[in-house]
Structures are given as C-alpha cells and as structure tokens.
Amino acid sequence: MSKKMISRMVILALLTSLALTACSKNSPAASSSSASGDSSPSQETASAPAKKESVTLSVIINKDWYDDSIKWVMDEYQAKSGNKLDVQITPGGQAFNDALTTKAAVNELPDILFLYSSEASLKQMKADQLLVDLSNEPYIGKISKSIMDSGVWLKADGKVYEVPVGGFNTVGVIYNKQLFEQNGIQVPTTYEEFLAVCEKLKNASVTPIVEGLKDSWPPLLYNFIGFANEFTKKGAIQQMNDGTFDFTKSAEAQKLLTRQHELFEKGYMNKDAASATYDMEIAAFGQGKAAMVTQFDSFIPAVLQKFPDAANFIGMFRLPWDDDSVVPVDLARGIAIAKGKHEDAAKDFLSFLTSDEVLNGYYSKLKSLPPYNGVDATLDPGTAEMVQYVEAGNTVPFYSNLVTPGINIGFDLPGVILGIKSVDKALQEAQLQYIKSGKDNHIPGF
C-alpha cells in the first residue's frame, strides 16, 4: 500500500463524519473498463458457478482498490461463469463516495458495488431499500469473528449487506528479528518488557523505534493502540458519545499521552523524529537502522517493495499494553449487490468470490490479512503473525468506527511527544475540541 493510500485511510478513519456528510450532488466522471488484469491467469483453480444464460453485470469500484488481485478474481469469474463484468472505475476518496450516493439518490446503482464497510455508509446508500440482504447466505459464516462480533462493519440495522474484500488492517509493532536475535532479545509480553527491549537496543547503539512526526499521521498508530486498550476495551466510548466524558480528568488519557512522550524523552525514538517522514520510516527500518516501528501491517509490503531483503528479518507483534491487550483493527471496504433483475447473478459472483479456492488465490496475491477464517494464503512475513489475534477475536475496531460521526477526538501528538506541549495542556485542548464538535453538530447530550 502506498504512502498516499495509507495516509488517506488514516485521515478518512479519523474524520469519518466529514467523509460521510460532505457528499456533493455531482457525480464524478467514471471510466469504464473490462476486468482484464495485467497479470497472466493463475494456475489456481476455482469452482465455477453454475452456468446460466450469460448476463453482463455492472460493477463500480474506486481506483485505489482496483489492483491485480481483484482483477484476477474478475477474470476467473468471467472465464468460468460466462458472464461479463462492465467495470466502472471512479477516482478514490470523496469522489468515490459522491459517485455512489448520487447513484443511490436516483436509484441507479450498478449490480455489484465496492463500498466502504461502515453502517453509516450503508445507511447513506439506503441499504434497506436498495441493497440485497445477505444475512442468510452460507458464506457469511466464513467471515472473521473479529468483524462479525464488532457490529460496526458490513451491517445496517442488524442485517448483513456486504461481504469483506481487501485486507483487514491491524496495528502493532513491526520489528527486525535479526537485531533482536543479535542482542539477545525476546518479543516482549508486558509493557515493562517492551521498555526494557528499547533500553537494551539503545545501549547497543541501535535506534529502538523510528517515528515520523513531520507527516503528522504516523504517531496516530501508537495512539490507536493506547486508545483501544485504555478507552474502547474499558467501555468509555459510550460516555464519549453521550457528551459526558472529560479528558482532563481521565487517568487513562494521562497514561496514554505520558507513555507516548516518554518513548521520546528516554531516547527510544530517532533523534530526528520531528523532521522525519513516513518514507524515512520505511528507509530506516528497511536498511536495518531502526529495530521497531509502530505501524499498520500494510507498512510491510511498502518496505518489501523498496527493500526486498527485509523479508529475511521482518516480524510483527502485538504491543503488550497491559493484561490481555487488544489489537486495533479496521476493515475499509466490502462488496454489496443491488436489488434488481440481475441480483441472482450478482449473488453468484459473491458465492464465487468467497469459495475456498478463490479466497486462497486472492489473498495469496494481495498479501494482506484475510478477513475470512481458514484462508490458506501465502502472506508477507509479519502479517502472518497477526492472524492469531484476528481469528481469536482479540481485537477492537478503530475508535473512529465507534464514535458518533461529528464528534472530534484528537490530541496534539507531535507537541506532546517532543515535549513542546504538556500532557495537561493537550488534554485541555482535546476536551474543548470534543465539546465544541458535539455542540456544533447538534449531537444529543452536548
């Protein structure tokens, strides 16, 4: 995943309300393409759906998601079903959301829709009126427990309207196994052990953690982990949504920001953290100059693209925040089908996509964490190590999926980390911003 894509995803995740309410009335121009990919057909075989009279199914997809792995699925489907896919490719980001909502407004949805997986997005698409309820389809049972139990993805009003596609994004610590081994270090199981690992690496003249503050969003990843364990796991989200939470009086908020500052204060981050960028994180880690980075698992393919030899040492572990730590996760997208004369054929496409053989082939090509159980895919090193947490349901959604759209929660992380701003001052600012956003958006309780 590219820097731009990751940055867009983080910003979208944190500003969900803006992305879902700022829809324009004009649909962007969409290009039309056959589903033929650049790569040659795979030798993997997939069970073909029962052949019926050939139909052409219309598909809409955001260009950022139209990669070789999904092209392979579409090519295989067309070859085995005899049906054709007329693929409309839109720009990404807000333009994609605008295209979908405009089509929904005039009831002209394509047969197959790639769309954001949140309940808010489904309701914006008028799912109860325009989309097919997939709740009782047999393949729904294949979807990861971490997704189905969360209640924030694929569903609207308790009904399932989407199946997941693409990777399941996790956040953790990506580390250099060789540097750990050379310094006699084991993967930490407590936060105290994590700090001891940092100290040992520092004493060995190895940068423990590389952080890129200039791009502003990379420090959010550590923050996501802390938020998941200090607030989401402890049930504080409801208070935040009710307008009754006070960050200035929260010991958990103090702990989160204090820990993040201490990593820099103790010399566990790169000295040039203030001027470092995401690309510099990739370079420092890929060249073995830094032992760890707190990032999305999608950081791994970004490193391997520029530093293929890093495959020999990349690993990933859950940051042990406290007892029974949880991993923050996100599911960016899914596929739904529109009601209409082609809905049976479109449902066949979903059955094809979710067959064991196709899922194995698709995720082996994508190299991202599968949001389905039992997928036998070849994953990148490190990514594979996070499967255990997802399959066990030891995860919680990114808090932006849980906070009521319109409520703004955020901290001046660069200021706090570098010691330019005190933790107390940052919490005061966060509280004012939180209350103001709730009032400005007329959210009950504020």
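Let's start in the middle of things, with strand β8, residues 168–176: nine of its nine residues are buried, so this strand is largely enclosed by the rest of the structure. Buried here means under 20% relative accessible area, while exposed means over 50% and partly exposed lies in between, using a 1.4 Å probe and protein chains only. Strands (E, at least two residues) and helices (H or I, at least four) are DSSP runs, numbered from the N terminus.

A quick word on what we are looking at. This is a predicted model, in which local features need pLDDT of at least 70 and side-chain atom pairs count only at pLDDT 80 or more, while totals for chains, interfaces and linings use all residues. Residues are numbered from 1 along each chain as its sequence is written, and side-chain values use heavy atoms, with hydrogens and water left out.

Back to β8 and its partners. Two strands pair if DSSP finds at least two bridges between them. With β10, residues 290–296, β8 runs antiparallel over five bridges, and I174 faces V293 there. With β11, residues 314–317, the pairing is again antiparallel, over four bridges, and I174 stands opposite M316. Then there is β12, residues 327–331, joined to β8 by three bridges in the antiparallel sense, with T170 opposite V329.

Now, helix α3. How many of its 14 residues are buried? The count is 10 of the 14, so α3 is largely enclosed by the rest of the structure. Among the buried ones are W72, M74 and Y77, but also K71 and E76. What covers them includes strands β2 (56–62), β3 (84–90) and β4 (112–116), together with helices α15 and α16 (356–366). The length of α3 checks out too: at 1.5 Å a residue it should span 20 Å, and its end C-alpha atoms are 20 Å apart, which agrees. The expected span is 1.5 Å times one less than the number of residues. Just after α3 comes G82, with a positive phi near 85 degrees.

On to the aromatics, and there are 29 aromatic pairs in the structure. Rings of Phe, Tyr and Trp (its six-membered ring) pair if their centres lie within 6.5 Å; planes under 30 degrees apart are stacked, over 60 edge-to-face, and the rest tilted. One of the pairs takes us straight back to α3: Y77 and F349 meet edge-to-face, 5.0 Å centre to centre, with 90 degrees between the planes. That pair links distant parts of the chain, since Y77 belongs to α3 (residues 68–81) and F349 to α15 (residues 343–353), 272 residues apart. Y77 is buried at 0% relative accessible area, and F349 is buried at 1%.

Another pair, F227 with Y399, is stacked: 3.9 Å between centres and 25 degrees between planes. Here F227 sits in helix α10 (residues 220–232) and Y399 in the loop between β14 (395–397) and α18 (413–418), 172 residues apart. F227 is buried, at 0%, and Y399 counts as buried at 7%. Both rings belong to a cluster linked by ring pairs, whose members include F231, F245, F247, Y434 and F446.

Which residues does M240 contact, leaving aside neighbours within four places in sequence? They are F227, F231, F245, F247, I407, I409, Y434 and F446, where contact means heavy atoms within 4.5 Å. M240 also stands out in the largest nonpolar core: of its 144 residues, M240, I112, F114, F247 and M292 touch the most other members. Helix α10 gives the largest share of this core, seven residues. A nonpolar core is a set of buried Ala, Val, Leu, Ile, Met, Phe, Trp, Tyr and Cys residues joined through side-chain atoms within 4.5 Å.

Here's one for the charge fans: R259. Its charged end sits over the ring of Y191, 3.7 Å from the centre, and R259 also lies over the face of W321, at 4.6 Å from that ring centre. The rule is that NZ of Lys or CZ of Arg is within 6 Å of the ring centre and within 35 degrees of the ring normal.

Last stop, the loop between α6 (127–130) and α7 (145–148), home of S144. S144 is buried at 1% relative accessible area, touching P371, Y372, N373 and V390, not counting residues up to four places away in sequence. N136 is found in the loop between α6 and α7 as well, but N136 is exposed, at 74%. Thanks, everyone!
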